[in-house]
Amino acid sequence: MSTATTARGPADPADPAAPAAPRRKSVTGTRKALAAGFLLPALVLLGALVVYPIGYSVHRSFFDESGGGFAGFDNYARIFTDDSILVAVKNNAVWVAVAPAVATVLGLIFAVLTERVRWGTAFKLIVFMPMAVSMLAAGIIFRLVYEQDPDRGVANAVWVGVHDSFAESGGFPGARPLPVHPLKPGGGGSYLTEKPVSAAEPALLPLVGVAPARMPSGARPARDPAAGAAEKGAAAEGAAAEGRITGTAWLDFTRGGGGRPNVVDARELGLKGITVEAVRDGEVVATARAGADGGFSLPASADGALLRLPAENFREQYSGVSWLGPSLVTPAIIGSYVWMWAGFAMVLIAAGLASVPRELLEAARIDGANEWQVFRRVTVPLLAPVLAVVLVTLMINVLKIFDLVYIIAPGSAQDDANVLALQLYRSSFGSDAHLGVGSAIAVLLLLLVIPVMFFNIRRMRRESRR
């Protein structure tokens, strides 16, 4: 058989005349080069925007305010000796301990409960909706919510409404008599008539100091006791015969001027609802409340007694809680943060809850576990990885919280609500800027975030091995 007609096999390595086999390019090396080419732009940006600023901040933190003198660890020592920075560290600890936990717990409750209602999807949409609002807008919203004036702040409007349902406020805060009036201070914020009253002469109780806009609704022009007696005739004589004490309590002020003191003028209003007491030997013998025209009537037992306007008439109206005061400003801002991020926690937990095997839940119920036991011993342990993700994410988020605190806290309470990110801004760009201290605070924030990130990475690797 001719060798030309035989099939050509592979070159024999033992044959020196055989042609050499072509070299194959390394597939692994090609893939690495391709991956490096795609990653290079991202690595350049990462180095320029993350690595370089971190390195420069660490370097700058060891220099003084001007940047020309080496300060060593003085800037770091100042963090733990300066009172305002210590307040920021303390508030950050409160934030990390409270805000992520509350948001995660609320998200868990919402996620579990919405599985059992038909309108659960709509509820999730409503709870998650604040995530679409920027921190700036949320801060402005809650600055108005926490406004001290109940007419503007929703929180105080609700609080004052509940309070006034159980404790009535005085109707005429700030009201007082003039020196020419027949009234004198009676102690404890009350006012007494200078002379005892009698049925033969109507009692006059004039006051000033009540803004017309603050007068009770339904108040009518004050009743002139003399004119009333003339008009009523027999009725007035009957009241006098019974020995009843009558009189008028009114606002002795005429808008536009022209009024006379101690005289009921036509445009002056009665003090509707004011309480009048008859006092004899320090004891109250009769009580009356003025009508819409300020008129009141006391029984004959009040004859010869002094009339008193008790302090309850002049008690300041309850104005609510100072939500943005020094003691409540941090909890109030944490509440606004929870309002925004509880929806985020709910959505992630609901996604994890959807993957929980229903067979395990049903098996626990068959074994006699009630719903609370199923939730605590089955649902929560199965959701532990998701809960850890939510909790760690929110912890990292609150460590750098800035927007809400800066916008919601008023200038008078900003020192009390201070956090590290806000102090970083104030130290770096404020009126007393010290870039060395600001850089040291930035490095401290980085050091606080690293352990949390390290924990999260370890947890993710452990989950990937399962």
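Checked who feeds the nonpolar surface patch in this predicted model: helix H1 gives the largest share, 9 residues. The elements with two or more residues in the patch are H1 (27–60) and H15 (435–465).

Wrote down the patch members next. They are Leu39, Leu43, Leu45, Leu46, Leu49, Val50, Val51, Ile54, Val58, Leu446, Leu447 and Ile450. Together they offer about 1000 Å² of accessible area.

Picked Leu446 for a closer look. I find Leu446 in helix H15. Leu446 counts as partly exposed because its relative accessibility is 31%, and partly exposed runs between 20% and 50%.

Went over to Leu361 for contrast. Buried or exposed, I wondered about Leu361? Leu361 is buried, because its relative accessibility is 7% and the cut-off for buried is under 20%. Leu361 sits in helix H10, residues 358–366.

Looked up what Leu361 touches. Leaving out residues up to four places away in sequence, I get Val356, Val374, Val378 and Thr379. For Val378 I also noted the spacing to Leu361: 17 residues apart in sequence, and 6.9 Å from C-alpha to C-alpha in space.

Pulled the UniProt record, an unreviewed entry. It lists "transmembrane region" for residues 33–54, 93–113, 125–146, 337–357, 378–399 and 435–457.

Tried two of those spans on the model. Residues 93–113 come out as 100% helix and 0% strand, with 31 Å between the end C-alpha atoms. Residues 378–399 are 95% helix and 0% strand, and their end C-alpha atoms lie 32 Å apart.

Definitions and conventions: Residues numbered from 1 in each chain as written. Predicted model: local features only at pLDDT ≥ 70, side-chain atom pairs only at ≥ 80, totals over all residues. Heavy atoms only, no water. Patch = residues over 30% accessible without salt bridge, like charges linked within 9 Å, V, L, I, M, F, W, Y side chains within 5 Å. Areas by Shrake-Rupley, 256 points an atom, 1.4 Å probe, with all protein chains shown as cover. Salt bridge = Lys/Arg side-chain N within 4 Å of Asp/Glu carboxyl O. Helix = DSSP H or I, 4+ residues; strand = E, 2+ residues; numbered from the N terminus. Buried < 20%, exposed > 50% of the residue type's maximum accessible area, 1.4 Å probe, protein only. Contact = heavy atoms within 4.5 Å. UniProt positions renumbered as here; feature names shortened; annotations may be inferred.
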